[in-house]
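Here is a friendly briefing to read with the model open beside you. Which parts of the fold are worth a look before you go back to the bench?

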Amino acid sequence: MIIFKMQNKLFSKISLNEDQIALAKWISSGLNIIEVRNLKGDASYLLNNMIAKFISASPAYHLSKSTVISLEKEKINFQRRYKRSRFYGKSKSPSYVYEHSIPCSLVRRKLMKVKNDFESHLEVLIQAGKVVMVTREEDDKLNSCGLKSAMPPGWEWGHDNFDRYKKAGIELSTKMLLVEGSICR
């Protein structure tokens, strides 16, 4: 972990790993290209993907209570670190989904609205929510509630990052899954 110091008092010391710093620089540099800001080519997809990777580069993921129950049945030790790829993928059983608590498209829109400098971009990325590992059934529940790529009506930037799960009736655990390795996306 690298401690990143910023001018903003709110973020006087931020603990980011090397992957997160590299991805934040990539995102910020990209936002300085006019064609990227105008979402030409695949800029929308690429920005969303890099935002997702920044969030997914976190060393710990939040878990739904149903996911914890399932992982406990698999005898997962929550004190141990696991490869991100171990629980990722459509063919895994039981299957889990890595969700971003704030959809990346909303983070991208917020990035486009702030001052176009690294500190402002980093502030948005740090506030961009967390990864939440849910069961495939819970992911279907989010989708059926219309919250696949949206926050609940009335949600504003800075409100609870986990509002989508509350609205869908998905309970989150206080347990975290410690992760390492390649960033799955």
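The notes below go from the whole chain to its cores, its strands and a few residues at the surface.

This is a predicted model. The secondary structure of the protein chain comes to eight helices and seven strands. The chain has 185 residues, and 46% of them count as buried.

**The chain as a whole**

- Among contacts in the protein chain with a separation of 6 or more, 73% join residues 24 or more positions apart.
- About 10000 Å² of the protein chain is exposed, and carbon and sulfur atoms supply 50% of that area.

**The nonpolar cores**

- As background, nonpolar side chains tend to be buried together in soluble globular proteins.
- The largest nonpolar core here has 42 residues. If you want a place to start inside this core, pick I27, F54 and F87, the residues with the most contacts there.
- Helix 3, which covers residues 43-56, gives the most to this core, with seven residues.
- Which residues does I27 touch, leaving out those up to four places away in sequence? They are L47, M50, I51, F54, L111 and L125.
- A second core is separate from this one and has eight residues, including V132, L142, L147 and Y165.

**Strand 7 and its partners**

- Strand 7 runs over residues 172-180 and pairs with strand 3 (residues 60-64) in the antiparallel sense, over four bridges.
- Strand 7 also pairs with strand 4 (residues 81-83), here in the parallel sense and over three bridges.
- L178 is a good residue to find in your viewer, as this strand 7 residue is the bridge partner of A60 and also the bridge partner of R81.
- L178 comes up once more with Q79: the two residues are 99 residues apart along the chain, yet their C-alpha atoms are separated by 7.4 Å.

**The loop between helix 4 and strand 4**

- Q79 has its place in the loop between helix 4 and strand 4. Is Q79 buried or exposed? Q79 counts as exposed because its relative accessible area is 68%, and the cut-off for exposed is over 50%.
- K75 lies in this loop too, between helix 4 (65-73) and strand 4. Although K75 is not a glycine, its phi is positive, at about 65 degrees.
- K75 has a relative accessibility of 71%, so K75 also counts as exposed.

**Another positive phi, at L39**

- L39 is not a glycine either, and its phi is positive at about 55 degrees.
- You will find L39 in the loop between helix 2 (34-37) and helix 3.
- L39 counts as partly exposed because its relative accessibility is 34%, which falls between the cut-offs of 20% and 50%.

**A nonpolar patch at the surface**

- Which residues make the nonpolar surface patch of about 330 Å²? W26, Y45 and L46 make this patch.
- W26 belongs to helix 1, which spans residues 18-31.
- With a relative accessible area of 41%, W26 is partly exposed.

Definitions and conventions
Residues are numbered from 1 along each chain as its sequence is written. This is a predicted model: local features need pLDDT of at least 70, side-chain atom pairs count only at pLDDT 80 or more; totals for chains, interfaces and linings use all residues. Side-chain values use heavy atoms; hydrogens and water are left out. A nonpolar core is a set of buried Ala, Val, Leu, Ile, Met, Phe, Trp, Tyr and Cys residues joined through side-chain atoms within 4.5 Å. Buried means under 20% relative accessible area, exposed over 50%, partly exposed in between (1.4 Å probe, protein chains only). Helices (H or I, at least four residues) and strands (E, at least two) are DSSP runs, numbered from the N terminus. Contact means heavy atoms within 4.5 Å. Two strands pair if DSSP finds at least two bridges between them. Patches are made of residues with over 30% relative accessible area and no salt bridge: like charges are joined within 9 Å, nonpolar side chains (Val, Leu, Ile, Met, Phe, Trp, Tyr) within 5 Å. Accessible areas come from the Shrake-Rupley method with a 1.4 Å probe; for residues, only the protein chains shown count as cover. A salt bridge is a side-chain nitrogen of Lys or Arg within 4 Å of a carboxyl oxygen of Asp or Glu.
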